[in-house]
Amino acid sequence: MNLKFDAEHFDKLQAVLAAEIAQRVMIKLQEAGMEGAQLEECTAGITFSIASVIDDMAAIESAGAEVRPYLTFRTGDDELLHCGENSCTNTFVYDALKKLFG
């Protein structure tokens, strides 16, 4: 597997990922009967929480082992795209929520 550095393309993919997470969270909450301001607030909170885990901003430990995610994107059969550091998916959540809720 080849590891390719391209921060600009990586950021575009992070934005798509954040938007997809937000939309899926919103749909599941709507299916559960949530609407209005509560839907927006819960979608935002859950989406930011998930993005923070992906971005390694949440301390995760299991059975004494640290869990430290590092986001990459598959851009080919044997190619992974990275940005050279931890992802910042959470920075794209606000724009994703703005598109969903206006």
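In this predicted model, the buried residues of helix H3 pack against two other helices, H1 (7-31) and H2 (36-54). Helix H3 itself spans residues 93-101, and its buried residues are Val93, Ala96 and Leu97. Looking down the axis of H3, these buried residues sit within an arc of 95°, so they line one face of the helix. That fits a simple rule of helix geometry: an α-helix has 3.6 residues a turn, so residues three or four places apart point the same way. Turn to the face of H3 that looks away from the buried side, and the exposed residues Tyr94 and Lys99 show up there. Just past the end of H3 comes glycine 102, whose phi is positive, at about 75°.

Now for a spot elsewhere in the chain: arginine 74, which belongs to strand E4 (residues 73-76). Is this residue buried or exposed? Arginine 74 has a relative accessibility of 59%, and because exposed means over 50%, it counts as exposed. Even so, arginine 74 has some company. Leaving aside residues up to four places away in sequence, it touches Glu79 and Leu80. There is also a link to the backbone: a polar atom of the arginine 74 side chain lies 3.0 Å from the backbone oxygen of aspartate 77. As for lysine 4, it is 70 residues from arginine 74 in sequence, while their C-alpha atoms are 9.9 Å apart in space.

Terms used
Residues are numbered from 1 along each chain as its sequence is written. This is a predicted model: local features need pLDDT of at least 70, side-chain atom pairs count only at pLDDT 80 or more; totals for chains, interfaces and linings use all residues. Side-chain values use heavy atoms; hydrogens and water are left out. Helices (H or I, at least four residues) and strands (E, at least two) are DSSP runs, numbered from the N terminus. Buried means under 20% relative accessible area, exposed over 50%, partly exposed in between (1.4 Å probe, protein chains only). Contact means heavy atoms within 4.5 Å. A polar contact is a pair of N or O atoms within 3.5 Å; within protein, one must be able to donate a hydrogen and the other to accept it, and residues adjacent in sequence count only if both atoms are side-chain atoms. The arc is that of the directions from the helix axis to the C-beta atoms.
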